[in-house]
Amino acid sequence: MSGDDPSEKPEPSGAPRVLVSDRQTEPLAEATVLSLVALAGRTLAAERQSRMELSLSFVDPDEMAALHERYLGETGPTDVLSFPPGEDGLLRDVVVCPRVAAGNNQDRDAELRLLVVHGILHLLGYDHEEDGERAVMWARQAAYSGVSAP
């Protein structure tokens, strides 16, 4: 499951497809990746997005910093970025930096669950800039990930 090429995780018929690319120098454990893929699928299904294709990438801080600069014009790595669909209209991307995530929460696996769900919800149009929007997004994040945002 590690390496440069995304590998498709088998999903039941009618379930969202989740492609994974773990490009870190120290890849996540296979059990962790499988758990996050299942979480992504459940989140998409709960949001009635069963036909969606999702690319879920795990990257090192240097790659995340380059993406952060290129797409948001901000320096330094961030914990999660979401990218809307390309020309095909189906594939969406969530990129997570586990090393940055580990600095957010002593329970890295809980933080990874939160960030995967957070990224997916952004792809689906949820936002947290205003209090009302934040309350809705945070409630969904907690329900799907089992982790409450601060």
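## A buried glutamate and its partner

In this predicted model, E53 is a buried residue, with a relative accessible area of 17%. That value falls below the limit of 20% under which a residue counts as buried. E53 forms a salt bridge with R17, and the closest N and O atoms of the pair are 3.4 Å apart. E53 lies in strand β3 (residues 53-58) and R17 in strand β2, so the salt bridge ties together parts of the chain that are 36 residues apart in sequence.

R17, in contrast to a buried residue, is partly exposed, with a relative accessible area of 33%. Although 36 residues separate R17 and E53 in sequence, their C-alpha atoms are 4.7 Å apart in space.

## Overall organisation

The protein chain contains 5 helices and 5 strands. Read from the N terminus, these elements follow the order β-β-α-β-α-β-β-α-α-α. The protein chain has 150 residues, of which 41% are buried.

The contacts in the chain can also be described by sequence separation. Among contacts with a separation of 6 or more, 53% are between residues 24 or more positions apart.

## Further salt bridges

How many salt bridges does the structure hold? The structure holds 6 salt bridges, and the pair of E53 and R17 is one of them. Side chains of opposite charge can pair when their charged atoms come close.

Another salt bridge joins the side chains of E47 and R140, with a distance of 2.7 Å from N to O. This pair links distant parts of the chain, as E47 is in the loop between α1 and β3 while R140 is in helix α5 (residues 131-145), 93 residues apart. E47 is buried, with a relative accessible area of 11%, whereas R140 is partly exposed at 31% relative accessibility.

The side chains of R108 and D109 also meet in a salt bridge, with 3.3 Å between N and O. R108 is partly exposed at 31% relative accessibility, and D109 is partly exposed as well, with a relative accessible area of 33%. Both residues belong to α4, where they are among the residues that meet α1.

## The crossing of two helices

Helix α1 (residues 30-46) and helix α4 (residues 108-123) have axes that come within 10 Å of each other and cross at roughly 35°. The crossing of α1 and α4 is right-handed.

Which residues of α1 and α4 meet? On the side of α1, they are T32, L36, L39, A40, T43 and L44. On the side of α4, they are R108, D109, L112, R113, V116, V117 and I120.

## A buried aspartate without a salt bridge

D22 is located in strand β2 (residues 17-22), the strand that also holds R17. D22 is buried yet has no salt bridge. Its nearest side chain of opposite charge is that of R23, 8.0 Å away. A salt bridge requires the nitrogen and oxygen atoms to lie within 4 Å, so this pair does not qualify.

What contacts does the side chain of D22 make instead? One is a polar contact of 2.8 Å with the side chain of Q24. In addition, a polar atom of the D22 side chain lies 2.8 Å from the backbone nitrogen of L28.

How values were computed: Residues numbered from 1 in each chain as written. Predicted model: local features only at pLDDT ≥ 70, side-chain atom pairs only at ≥ 80, totals over all residues. Heavy atoms only, no water. Helix = DSSP H or I, 4+ residues; strand = E, 2+ residues; numbered from the N terminus. Buried < 20%, exposed > 50% of the residue type's maximum accessible area, 1.4 Å probe, protein only. Lys, Arg positive; Asp, Glu negative; His and termini not counted. Polar contact = N/O pair within 3.5 Å; in protein donor to acceptor, adjacent residues only side chain to side chain. Axes fitted to C-alpha atoms, helices over the stretch in contact; angles between N-to-C directions. Left-handed = near helix turned anticlockwise from the far one by under 90°. Contact = heavy atoms within 4.5 Å.
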